[in-house]
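Grab the model and work through these exercises on side-chain contacts. Try each task before you read its solution.

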Amino acid sequence: MTDTPQAYSAAAEIGQIRERRTWIQIAKIELKKAPYSAWFGLIVIAIYLFVAIFAPLLAPHGEAEIFPASFAPWGGDFVFGTDQIGRDIFSRLIYGARNTIGIALATTLLSFAIGGSLGLIAAISGGWLDQLLSRFVDVLMAIPGLIFALMLLTIFGSSILSLIMIIAVLDSTRVFRLTRSVSVSVVVMDYVEAAKLRGEKLGWIMRREILPNIMPPLIAEFGLRFSFVFLTIAALSFLGLGIQPPTADWGSMVRDNASMIQFAKYDLTAALTPMIPAGAIALLTVAVNFVVDWFLHITSGLNDEH
Amino acid sequence: MSTKHGKKGDILLEMKDIRIDGFSDERWHKIIKGIDLTLHRGEVMGLIGESGAGKSTLGLASMGFTKPGCKITFGSVVFDGKDLVTASEDEKRSLWGTRIAYVAQSAAASFNPAHRLLNQTVEASLNQNLQSRDLAEADARNLYKQLQLPDPENIGDRYPHQVSGGQLQRMMTAMAMSPRPDLIIFDEPTTALDVTTQVEVLVAMRAIVEKFNTAALYITHDLAVVAQMADIIKVLRYGKEVEEADTRKMLKSPKEEYTKSLWSVRALEKAEAPSDDIILSINNVDAAYNGSLKVLHDVNIRIPRGRTVAVVGESGSGKSTTARVITGLLPPMVGNVEFNGKTLPAELKDRTKDQLQRIQMIYQSADTAMNPRQTIAEIIGRPLEFYHGLSGMQKQDRVLELLKMIELDESFYDRFPSELSGGQKQRVCIARALAADPEIIICDEVTSALDQIVQEGILKLLLNLQKDYNITYLFITHDIAVVNAISDEIVVMYQGAVIEQGLKSEIMSPPHPEYTQLLLNSVPEMDPDWLTKLVKFR
């Protein structure tokens with residue numbers, strides 16, 4: 001036993017010192033071990049983001065530019081043909097990425113801001129405030145979401161702003177529940193009590209003591225909620241109450257071109273046209289889910305197959 | 001008496017040069033670095049050492065089992081002629097629970113809450129078709145009786161939550177004993193229990209192990225306990241064996257320096273100093289949870305400045321509740337708390353920053369008392385910033401100064417709590433309390449989760465700090481050795497009421513009130529005959 005001193009010293013007690021790693025190094029290590037599904041998801045998301053950001057440079061034609069040829073076939077000047085009033089479908093797909101993803105992202109962020117902060121407040125204060133908020137959320141969740149959204153959109157009119165607000169509020173109920181339930185187990189920790197005893201304000205306890213400890217499930221939920229918001233917007237657009245023309249959006253593109261399916265026996269590509277925006281929606285949803293799965297797996301600390 | 005598979009004195013378990021690795025932080029670490037162990041039938045071996053020494057890992061390895069993330073890399077574990085390292089899962093499973101049994105530290109977590117105790121007790125016997133259900137159940141009731149469980153005929157019909165912690169621990173011993181195993185592994189079975197309960201469990205376990213001539217591995221960090229239970233003691237440190245000897249020989253003349261240092265820990269004793277300068281007094285306090293469950297009855301405690309008042313009593317006696325009343329987390333129904341001659345507001349939110357700063361608290365479990373996402377610098381730095389408005393270099397210097405005061409160096413500055421040992425964590429919690437410049441610190445069982453040697457370090461540190469800064473401690477504990485080491489005055493609490501308060505020498509010397517007597521009697525001593533004498537005495 002030459003490697004360890006016999007005399008007692010507090011600093012020499014064995015603690016498990018982790019190597020100092022920046023988050024970039026951690027990301028590299030985790031990416032190296034990432035499964036194919038996660039890689040697939042990451043690449044798809046990266047492509048979508050690239051397309052969304054550089055839409056004006058990538059699109060061959062304008063977003064709402066109308067050409068004399070309506071229902072033009074695939075190929076030639078129009079890669080995926082044109083729609084019922086002669087707009088280039090390929091260009092609209094590219095602009096659609098920007099609109100649909102952008103609006104979904106803004107909505108998800110807003111719903112997290114609302115649901116997250118209220119959930120934290122409910123968990124910390126407990127008592128009647130917690131009861132009030134939780135029961136109100138129960139009431140909101142008891143009403144079927146899509147129908148409620150449709151009703152509210154008819155009342156407030158379907159502008160992009162009201163679309164974002166309404167979906168964010170309706171979706172924040174689920175964020176509220178998640179935040180509240182994960183916070184409740186952190187709130188009982190001694191370090192939160194220590195902060196209260198120190199005299200810290202509610203905001204500080206929320207931001208510094210609790211939030212960092214509940215981030216992993218919240219980030220994972222962010223990915224999932226984004227997928228659902230994205231699907232809700234697409235669904236509303238398909239029903240005609242979402243993003244309004246001439247703004248390009250995948251949901252309304254499916255609706256506008258849905259009738260082309262019946263021409264499958266004459267021209268297969270024409271029938272495929274409404275499938276493309278639908279496929280774009282599906283692909284992104286799947287990709288986000290893959291990445292979220294992988295992220296949850298890492299952060300839950302499950303160390304399998306050793 | 002011979003067991004069904006062999007006679008006393010035969011070798012039952014032989015571990016040769018066993019090595020175990022554990023996986024963490026992307027690497028394999030050596031946990032056990034080559035240990036030999038030989039256990040004969042009917043023999044009880046005590047495995048002792050501080051946390052991280054590999055006691056539990058070795059205990060589990062003797063069943064041929066490793067926790068997930070660990071693997072046996074070398075060596076053999078021969079149990080009754082069969083090597084468990086190379087044995088198949090099925091072969092091992094047929095031994096586990098029937099010929100090798102395991103009694104875990106937390107009995108509450110080891111029972112299925114949805115099944116009656118009797119069914120769980122006989123489960124292993126029935127699964128292996130050792131005996132019929134009627135016979136097994138009759139035998140279980142007999143075991144309950146021998147373990148001195150109340151109402152042995154019917155207690156098995158209860159569910160785990162319907163019996164106390166000490167009863168549940170004995171119930172688990174009955175469960176382990178039911179198929180009459182050749183070997184039982186006790187993994188810190190009494191650590192979570194009160195001293196008064198611990199004695200009952202120890203007596204019962206020792207009697208039953210002796211009666212059925214079962215071999216046992218008894219894992220603990222409490223030397224006094226192991227002295228009562230074991231025939232031989234093996235001391236482990238850093239995954240290696242330090243020494244092994246007969247219990248009596250080991251207690252009388254330990255060979256290695258490390259063992260000697262373990263033995264000397266309990267000798268720490270503070271000379272009491274009376275004082276009449278009262279800094280904080282609790283006056284006629286009644287307190288209740290949810291306005292109905294009354295837990296404190298007319299509590300009066302006076303704490304002199306610059307001294308240590310130890311509050312002793314078993315769990316549920318109202319020790320921690322008293323602390324919550326002082327800190328303002330639980331406003332009293334009746335009575336008040338006076339601090340420096342002035343009455344403190346009952347509610348936390350009505351207290352001034354100055355009042356909060358002067359009363360600090362250190363918790364039992366340093367693990368949950370520090371935010372795992374903050375570095376040590378942030379944890380210690382926050383009170384400096386909050387109470388004293390320090391920032392930048394000033395704050396950094398003061399944090400380093402505080403680290404030095406708690407005998408840690410600057411390499412700890414940007415570590416996270418998970419990178420510290422238990423003792424180091426508790427030191428950081430002390431530094432956080434010190435950072436506020438308090439007049440009184442409430443210590444709630446701050447050493448009870450720590451190893452003896454680490455405990456001694458923390459107690460010495462607290463004493464030094466008291467000497468240097470004239471800090472007052474209210475020290476909540478159930479450990480009489482700790483009380484001896486640190487206190488000037490003692491408050492004995494029982495069922496929410498103060499039994500007596502006085503100077504240490506007064507409380508410790510007879511005559512005692514009945515409860516104090518029981519409490520003092522229950523503290524294990526380093527004498528291997530202590531338990532035997534106690535049983536006779538009763």
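**Exercise 1. Find the salt-bridge partner of Asp354(B), and say where the two residues sit.**

Solution. This is a predicted model, so treat each value as computed from the prediction.
- Start with the partner: Asp354(B) makes a salt bridge with Arg358(B), and their closest N and O atoms are 3.0 Å apart.
- Next, place them. Both residues belong to helix H12 (residues 353-358) of chain B, four residues apart, which is about one turn of the helix.
- Then check the exposure. Asp354(B) has 38% relative accessibility and counts as partly exposed; Arg358(B), with 25%, is partly exposed too.

**Exercise 2. Which parts of chain B does the salt bridge between Arg398(B) and Asp437(B) link?**

Solution.
- Confirm the contact: the two side chains meet in a salt bridge at 3.9 Å, N to O. With a cut-off of 4 Å for this kind of pair, that counts.
- Now locate the ends. Arg398(B) is in helix H15 (residues 392-405), while Asp437(B) is in the loop between helix H16 (422-435) and strand S17 (440-444). The two are 39 residues apart, so this pair links distant parts of the chain.
- As for exposure, Asp437(B) is partly exposed, with a relative accessible area of 41%.
- While you're on salt bridges, look for shared partners: Arg198(A), Glu200(A), Arg382(B), Glu385(B) and Lys395(B) are joined into one network that way.

**Exercise 3. In the salt bridge of Glu241(B) and Lys234(B), work out the N to O distance, then whether Lys234(B) is buried or exposed.**

Solution.
- The distance is 2.5 Å, N to O, between the side chains of Glu241(B) and Lys234(B).
- Lys234(B) has 0% relative accessibility, so it counts as buried.
- Glu241(B), on the other end, is partly exposed at 34%.
- For the overall tally, there are 39 salt bridges over all chains.

**Exercise 4. How many disulfides are there over all chains?**

Solution.
- The count is zero.
- Test it on Cys429(B): the nearest cysteine sulfur belongs to Cys443(B), and it is 11 Å away. A disulfide needs the two sulfurs within 2.5 Å, so this pair doesn't qualify.
- Run it from the other side and Cys443(B) is likewise in no disulfide, with the sulfur of Cys429(B) as its nearest at 11 Å.
- Both cysteines are tucked away: Cys429(B) is buried with a relative accessible area of 3%, and Cys443(B) is buried at 0%.

**Exercise 5. What is the geometry of the ring pair Phe40(A) and Phe290(A), and which helices does the pair tie together?**

Solution.
- First, the wider search: it turns up eleven aromatic pairs over all chains.
- For this one, the ring centres are 5.9 Å apart and the planes are at 75°, so the pair is edge-to-face.
- Phe40(A) lies in helix H2 of chain A and Phe290(A) in helix H12 (residues 275-299) of chain A, so the pair ties together parts that are 250 residues apart in sequence.
- Phe40(A) is partly exposed at 37%, and Phe290(A) is partly exposed at 29%.
- Try the same steps on Phe80(A) and Phe90(A): that pair is edge-to-face as well, with 5.8 Å centre to centre and 75° between the planes. Phe80(A) is in the loop between H3 and helix H4 (89-125) and Phe90(A) is in H4, so the parts tied together are ten residues apart in sequence.
- Last, pick out a cluster: ring pairs link Tyr48(A), Phe226(A), Phe230(A) and Trp250(A).

**Exercise 6. Which lysine lies over the face of Trp28(B)?**

Solution.
- Lys71(B) does, at 4.1 Å from the ring centre.
- Chain B also has Lys353(B), whose charged end sits over the ring of Phe386(B), 4.3 Å from its centre.

**Exercise 7. Which helix supplies the largest share of the nonpolar patch?**

Solution.
- List the members: Leu49(A), Phe50(A), Ile53(A), Phe54(A), Leu57(A) and Leu58(A), with about 580 Å² of accessible area together.
- Sort them by helix. H2 (36-53) and H3 (55-58) of chain A each supply at least two residues.
- H2(A) has the largest share, with three residues.
- Leu57(A) is in helix H3, and at 70% relative accessibility it counts as exposed.

Methods: Residues are numbered from 1 along each chain as its sequence is written. Chains are lettered from A and ligands numbered from 1 in the order in which they are written. This is a predicted model: local features need pLDDT of at least 70, side-chain atom pairs count only at pLDDT 80 or more; totals for chains, interfaces and linings use all residues. Side-chain values use heavy atoms; hydrogens and water are left out. Buried means under 20% relative accessible area, exposed over 50%, partly exposed in between (1.4 Å probe, protein chains only). Patches are made of residues with over 30% relative accessible area and no salt bridge: like charges are joined within 9 Å, nonpolar side chains (Val, Leu, Ile, Met, Phe, Trp, Tyr) within 5 Å. Accessible areas come from the Shrake-Rupley method with a 1.4 Å probe; for residues, only the protein chains shown count as cover. Rings of Phe, Tyr and Trp (its six-membered ring) pair if their centres lie within 6.5 Å; planes under 30 degrees apart count as stacked, over 60 as edge-to-face and the rest as tilted. A charge sits over a ring if NZ of Lys or CZ of Arg is within 6 Å of the ring centre and within 35 degrees of the ring normal.
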